[in-house]
Amino acid sequence: MQSGRDSILDVLIKYQTNKDVYHDLMKFRVRKLLLVSTMYESFILEEEGKMAEQVFGEYYQLNLSSAPRISSAYSTEQAIEKVSHESFDMVIIVRGGTLFDSADIAREIKFIKPDIPILVLLNSNADIHSCGKDNESMKYINKIFVWNGNSKVLLAMIKYVEDYFNVHDDVQTGNVQIILLVEDSIRYYSRYLPELYTAIIKQTQRLIMSEDLNEQEKILRMRARPRVLMAETYEEAVSLFDKYQENILCVISDNRYLRNKTVDPTAGVAFLSYVKAKKEGAACLLQTSEDDGHSMADSVHAAFINKNSETLVEELQKYISRNLGFGPFTFRNSKGDEIAHANNFDGFEKVLKVISDETLLYHGSRDHFSAWFMARGEIKFAKALKNLKVNNFDNINDIRTFILTSLQNVKLEKIKGKVVNFKKEIIDCDNCIARLASGSLGGKGRGVAFISYLIAHADISSALEKGIDIKIPKTAIIGTDEFDNITNENHLFDSVIHDNDHDSVKRKFLSANLSIKLWKRLKILLEHYTGPIAVRSSGLFEDMLSQPFAGIYSTYILPNNHHDIKERLRQLSCAIKLVYASVYSPLARSYFNAVGYKIEEEKMAVIIQELVGAKHGDLFYPHISGIAQSYNYYPVGYLKPEDGIAVAAVGLGSYVVEGEQAYRFSPSFPKMDIISQEHLFQSSQQEFYAVDLSEKIPDIFKGEEFCYKRLPISEADKHGVLNHLASTIDINNNTLVPGTDIKGPRVINFANILKYDIIPLANVISSSLDYGALSLGSPVEIEWAVNQNSEGKWSFYILQLKPLIKNEGKITEDVTLFENESLILKTNRAMGNGTIDSIRDIVFVDDETFDKSKTNQIAQEVGHFNRKLSEQGKKYILIGPGRWGTRDSWLGIPVSFTQISSAGVIVETAMEDYQIDASLGSHFFHNITSMNIGYFTVPWGEKNSFVDYSWLKNCYYEEKTEFCRHISFGSNTRVVMDGRKGMAVIVKPS
């Protein structure tokens, strides 16, 4: 049986299957080429043709990768020496003399390397007469070309060799198509083959470059271009056609060549008749200089090009575009008359819906659909169409339905999990992201994009139990180039960089103009996003492992419900500009100073997402929001750190990330109560956040929470939201009953979901964390939301993915060896690793005077001490009850980061009547842990965990306020942290 890790890896690499098709094509590449010539011939080629430069030039102009390295040999002896000691993929012998000279060299090279392809390049047409086809020496030479000054012939020679060696495997692996060229004239195919390859490559690129693919994907798709095979006799042509009949895209044939070892002036017509008989509808092109060539071509229903035409290249390109699937798909009736055409997949889909059964049968029976999609690099779809025959279906309508359904899947497959350049058609697509402006996606944007990628390509949903969809909200991202544009075009940077009045900064940004292009795209976006939306920051530095910038920049939630789209567009534009302005907020400036970054290095992208949730009257909110971490820093009972931890609440997720009272559980053991039954009610969520939809024109300038509404949990009960999210205390026997069927106090513990599996929420969270941790190579945190729609369908949305710090480095001291009497503090719940021995200041909240109704005042006092110590360049230890940095002032001290920015160690303590869980998953938590600020929790009544308040109160106070004390020791104290054991001590100074 596979391990959990192995099964996850299986799913993670499953997405590679389609991409691997392209990777596995063209395994043989000419990377190193030996050019054998006399010094004179080499000089002529270099001076007249600039051979190496032109080979590279052809590759460059055609945007081809891996131009081969060319090595030269000027004598037979030198060539043999090089072949003996170096690895070459092919040899080109350039000779102006006789074929026998070239054959002698080829024979000696083949003796050393029998399988190496050897081609001869003649200097001029005058040398062709020496190349008799029955010459014994030809068995050492694979092909002969003539130079005539056209550098493209070198490209053709290289591609000819690559196609020859790759075609068999590529047909098996990727169902690639083949163009069969039948021509025995060295002069002609040396002229014609380069133009054929150039046309194929350009046509393939034209199709691929128009798609939303990254550069690597475009290069890989080029490998699916049609291969070119050559035959010089009727028998060779028949043999190749029979071998690759199913993959023959087109046959291009001369009319006069060997048949039964005799020159037959009608061999081409005979061969094309053979092709038509075996493959009805095959694309055939007859090329001849004979006067009646056109009528001969008509006799076998083939196209015709005169070999001596002055517009040969243009005619060839037109033929390829029109007949080999590179151009528009031309729909024809059974007589071959054109009735419609389609330039792209969307046009193809529209026409296919309305064409007659007769036309559908005409194209379907001739593999025209397959060829057209193959030319566009859609290997899997083209292969599926090719393998199906008309008689596989009960009726014509089933064929039409199959193609339309498959095409829809192809279109979705191409964009799912990707960040796609903005198009109106992709706005409503699940699990793809519309790019509204170029530039970086920012840290948070990269996380969202990676989530989308994982969901789409790792196929997480199929690896889990059914009953819940996994997705991201509909998302669009404005790249950082727009931030540069608005600051540069409106000359904002110099104006705001030294402006410490943030209201002034915001007004300056609001008066600036977004680009016209973005404005138009936002308007189209709002035509599709008709519910509340979130406008989120995504700075370059956000969600970095070392400095996450969590909660430092602004997020705005917009009701987006005004009847006039112009007003909605104005609100969205304002929110975007205020997110930009938040780069220069006091909080951001303070954080930049704390982490040693420069604010001018920051650039801001913006994420626009549909808000997860449902409408309840004038309110909008999701059933559940939460965070989850793959590593639990404070496990209880038999839980291990690797079992992870999750925090969940009813309503908007701000309730959780701002450190308010919510339900905690391990996704690995969801049925286990982390909180005791007797404390469950008092620690249960009492309020929740929702979007207030009653205000149609809100004042966005007021701040991020202008449209939030804080409500008692009983309101959610009235909406019927708590049915599966709450339990009820049966007051008759004081028991907890899952659900809300009886009257009584509600406890938000998600019992029906976590204990009785109404939906597999814990499994989804646990698996998502596993995928994330394995993909990022570190512990991770996800932000998520769950909503049930009006039809009862549940959906799980992953909103954010970020790495976590897991401290496992070596320490030099054993924290268990310290005597309690020598310690100010000891705890078994600590984050941080190593020793800090440069602190001599402590700021603590007096446990005797602490008043939980005055925590806002306490925050101000802490800010006062922080400011003073920061000005003195000092770090300090901060100790206080409850959660630091919580939004709920009843759960702890609601400091902002600027009020504790110089703290080197932060301690959360508990009191007998004030026992609050640690600040797990909050923005505050991320910022302090990322900077290796020691973060300790000292629970009430836990053995070997304490703060020696008595000793602290006997120390000399540097300064005392109503609730806080500042002590400055004469010598440094020591803080020792063991990140592996989660233990820490603070040693009394000597």
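**Two parallel sheets and a capped helix**

Trainee: What makes strand β6 (residues 178-182) and strand β8 (residues 248-253) a pair?

Mentor: They're joined in the parallel sense over five bridges. Pairing takes at least two bridges found by DSSP, so β6 and β8 qualify. One of those links has I179 with C250 of β8 as its bridge partner. Strands here are DSSP runs of E, at least two residues, and helices are runs of H or I, at least four, numbered from the N terminus. Bear in mind that this is a predicted model: local features need pLDDT of at least 70, side-chain atom pairs count only at pLDDT 80 or more, and totals for chains, interfaces and linings use all residues. Residues are numbered from 1 along each chain as its sequence is written, and side-chain values use heavy atoms, with hydrogens and water left out.

Trainee: Which sheet do β6 and β8 sit in, and which strands are at its edges?

Mentor: An open sheet of five parallel strands, ordered β7-β6-β8-β11-β12. β7 (227-231) and β12 (303-306) are called edge strands because each pairs on one side only. The average twist from one strand to the next is 20°. Helix α10 (residues 234-243) lies across β6, β7 and β8, at about 145° to β7; angles run from 0 to 180 degrees between N-to-C directions, with axes fitted to C-alpha atoms, for helices over the stretch in contact.

Trainee: What is the strand order in the sheet that holds β1 and β3?

Mentor: β2-β1-β3-β4-β5, open and parallel. Its edges are β2 (69-73) and β5 (143-146), and its twist averages 25° from one strand to the next. Four bridges tie β1 (residues 32-36) to β3 (residues 90-95), with L35 partnered by I92 in β3.

Trainee: Which strands does helix α7 touch?

Mentor: α7 (residues 152-174) packs on this sheet against β1, β3, β4 (118-122) and β5, its direction making about 160° with that of β4. Contact means heavy atoms within 4.5 Å.

Trainee: How do you know what span to expect for helix α24 (residues 565-581)?

Mentor: Take 1.5 Å times one less than the number of residues. For the 17 residues of α24 that gives 24 Å, and the end C-alpha atoms are 24 Å apart, so the two agree.

Trainee: Why call α24 mostly covered?

Mentor: Because buried means under 20% relative accessible area (exposed is over 50%, partly exposed in between; 1.4 Å probe, protein chains only), and 14 of its 17 residues are buried.

Trainee: What caps the N-terminal end of α24?

Mentor: D564, with a side-chain oxygen 2.9 Å from the backbone nitrogen of K566.

Technical notes:
A polar contact is a pair of N or O atoms within 3.5 Å; within protein, one must be able to donate a hydrogen and the other to accept it, and residues adjacent in sequence count only if both atoms are side-chain atoms.
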